Structures are given as C-alpha cells and as structure tokens.
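Biologist: I have the model open and would like a close look at one part of it. Could you start from a single residue with an unusual backbone angle and work outwards from there?

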Amino acid sequence: MRDISYRHLKFKNFTIEGFSRAAIQTFWRIPEFHLGFDLGALPWEFMGTQNWFISHTHLDHLAMLPNYVARRRMMKMSPPTIYLPENFVNLAAKLLKVWSHLDCGKFPCELVGLKPGDSVELSREIVVEAYPTSHRVDSLGYVVFHRRKKLLPEYLALPGEEICRLKNEGASITYEIKTPKVAYLGDSNQIGLDVNPIFYEAEVLITEMTFVEKRHQSGKIHKFGHIHLDDIVQRQEKFKNELIIASHFTARSTAEAIFRSVQEKLPDMLGGRLKLWL
Ligand SMILES: [Zn+2]
Ligand SMILES: [Zn+2]
C-alpha cells in the first residue's frame with residue numbers, strides 16, 4: 001500500500017526518501033540511519049522510523065505530528081523521539097495534549113528541544129548536529145555525521161593482542177573521524193548556507209529552492225526566509241557535495257517552469273550533481 005507518493009534514491013549505502021513542496025507538505029527520511037526530517041505528511045511505511053528532526057513549526061512541516069505519534073502507539077511501537085527548535089517544545093506538548101482530549105487516547109513521545117550547536121548521538125556511528133538557519137520562525141538545519149574510530153598511526157604496526165592489551169588498560173590509541181553524510185537545510189534564506197560551510201561539504205545536501213522564476217523577486221523572498229535559484233547560481237563554486245537535492249518549490253510555479261528556469265541558469269546541473277525533486 002502506498003498512501004502518499006514520494007521520491008527515493010539510493011546513494012552509496014543509504015537511501016534518501018521524501019517529498020517537499022512549499023505550503024503543501026515536507027517530509028524526508030533516511031531509513032538506514034533511523035531518522036527523518038520534518039513531518040508535514042507521513043507515508044504509512046515511514047512510521048517505523050523512530051527519530052525525527054523538525055526544522056521549524058510551519059504547518060507544512062509539522063501537521064502530521066499527532067497522527068505519527070498515535071499511529072506508533074496503535075501499532076504497539078515504542079514512543080518516538082522528536083527533536084525540534086527548543087522554543088517550541090512546550091507548544092508542541094500542548095498541541096498533543098489537546099489532541100489527546102479530542103482523540104480520547106494517549107500520545108506517548110519524547111519531545112527534545114535543540115538549539116544551534118547541539119549534538120545528538122543516535123548510535124555509536126550516527127551523530128546529528130543542529131545548525132542555525134534563517135526563516136520567519138525559529139528554525140534549525142541538521143547534518144548527519146557518520147563517526148568511526150581509527151587507530152593512531154603509531155599503533156598501526158602492533159599485533160592485535162598488543163592493541164587489545166593497550167585498549168583494556170585504557171590507553172587512548174584511536175582518533176575519531178566524522179564524515180558529514182547528509183545536510184538538511186529545511187526552510188531558510190541564503191544566510192542558512194552562508195553561515196554553515198559544512199552544508200557545502202556534506203556528501204548529500206538537501207536544500208530548499210522555493211523560488212526559481214525571474215518574476216519572483218529575491219529581495220522579498222529573502223525577507224520571507226527562502227532561497228531563490230539565483231542564490232544557488234551565485235554560490236555554485238562552493239558546493240562540494242556529491243549530490244544536491246533541491247526541493248520545496250513554490251506551488252505558484254509549474255513543474256515545466258521550474259525545470260526550464262533551472263536549466264537556463266545551470267545548464268550542466270552543477271556537473272550532474274543537482275537533482276530537482278518535485
Ligand atoms: Zn516550508
Ligand atoms: Zn516554513
């Protein structure tokens with residue numbers, strides 16, 4: 001059963017799934033990392049993902065929150081954890097309380113407030129960090145890191161038993177490598193990119209590009225906390241990402257106008273790395 005349509009793409013050893021259109025709905029997930037971004041809608045099969053990182057509280061990014069929590073309860077799954085900008089935790093808790101009266105049921109979940117610079121260890125390997133973005137309400141972007149430990153070069157030649165012995169003695173014989181796998185901008189104007197160089201470095205960048213057409217003026221767009229295609233064009237040399245998924249296009253532009261506008265200004269689609277999801 002597929003109740004809501006979305007796109008998906010296998011990249012290396014993980015999958016990016018989602019859909020985003022401004023004022024309609026935004027949701028993404030990476031099942032292998034057990035996490036998703038935003039809950040504007042939720043296909044039935046996404047329910048099994050237990051950790052969600054909310055970029056901001058606009059309706060098209062959060063409307064599905066009560067339903068998601070209730071579905072997991074109904075299916076006897078463990079309560080999920082929802083991370084969101086810290087100023088909105090109390091309001092989200094109130095919203096769930098109202099729904100628990102309306103729906104006559106419980107909404108078990110953990111709501112965790114985050115601010116820029118916070119870091120969440122989902123597992124030994126997967127760490128998510130929150131970054132400042134610039135929208136009309138408090139908002140966050142996220143970067144998912146894969147973390148692993150490597151042996152310090154001076155220990156590389158030692159036999160296995162010796163390394164084990166040193167480890168048991170508590171010697172620090174390793175160093176940490178953190179690879180930024182996926183960066184999620186959420187809704188933001190160009191400042192969200194400019195203040196977070198890590199967004200240009202992640203293997204995959206999921207960015208909003210709400211407006212693309214010439215008739216949409218970028219000054220006003222920035223004030224409302226969004227990005228125009230021209231912002232991407234101006235920064236094209238900065239993107240080191242292997243894959244850039246642009247989405248969250250305005251419903252005021254047709255699919256044809258979006259593809260035409262982007263191809264006009266970025267004919268090689270950033271060396272084939274830029275994909276438009278709409
Ligand atoms: Zn939005
Ligand atoms: Zn928004």
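**From a glycine to two sheets**

Modeller: Gladly! G170, placed just after helix α4, has a positive phi of about 85° (helices are DSSP runs of H or I with at least four residues, strands are E runs of at least two, both numbered from the N terminus). Please keep in mind that this is a predicted model, in which local features need pLDDT of at least 70, side-chain atom pairs count only at pLDDT 80 or more, and totals for chains, interfaces and linings use all residues. Residue numbers run from 1 along each chain as its sequence is written, with chains lettered from A and ligands numbered from 1 in the order in which they are written.

The helix before that glycine spans residues 160-168 and is hardly covered: of its 9 residues, 0 are buried (20 or more other C-beta atoms, placed from the backbone, within 10 Å of the residue's own; 12 or fewer is exposed, anything in between partly exposed).

Two more positive phi values are worth a visit, and neither belongs to a glycine. K12 has a phi near 50° and sits in the loop between β1 and β2. K12 counts as exposed because 11 other C-beta atoms lie within 10 Å. D38 has a phi near 65°, but its place is inside strand β4. D38 counts as buried because it has 29 C-beta neighbours inside 10 Å.

The strands around K12 lead us into an open sheet of 7 strands, ordered β1-β2-β3-β4-β5-β6-β7 with mixed pairing (two strands pair if DSSP finds at least two bridges between them). Its edges are β1 (7-11) and β7 (110-114), each pairing on one side only. β1 runs antiparallel to β2 (residues 14-21), and 5 bridges join the two. One register point to check on screen is R7, which stands opposite G18 in β2.

Now to L35, which lies in strand β4 (residues 35-39). L35 counts as buried because 24 C-beta neighbours lie inside 10 Å. Leaving aside neighbours within four places in sequence, L35 is in contact with R29, I30, T49, N51, F53, L122, V128 and V144 (C-beta atoms, placed from the backbone, within 7 Å of each other). For F53, 18 residues away along the chain, the C-alpha separation from L35 is 7.5 Å.

At 39, L39 and Y142 touch the most other members of the largest nonpolar core, which has 61 residues (a set of buried Ala, Val, Leu, Ile, Met, Phe, Trp, Tyr and Cys joined through C-beta atoms within 7 Å). β10 gives the largest share of this core, 5 residues. Not counting residues up to four places away in sequence, the contacts of L39 are F27, W52, I54, L62, M64, L65 and Y68.

That strand takes us to another open sheet of 7 strands, in the order β8-β9-β10-β11-β12-β13-β14 and again mixed in pairing. Here β8 (119-121) and β14 (274-276) are the edge strands, and each pairs on one side only. Within this sheet, 7 bridges link β9 (residues 126-132) and β10 (residues 140-151) in the antiparallel sense. To follow their register, look for I126, whose bridge partner in β10 is H146.

Conventions:
Two residues are in contact if their C-beta atoms, placed from the backbone, lie within 7 Å.
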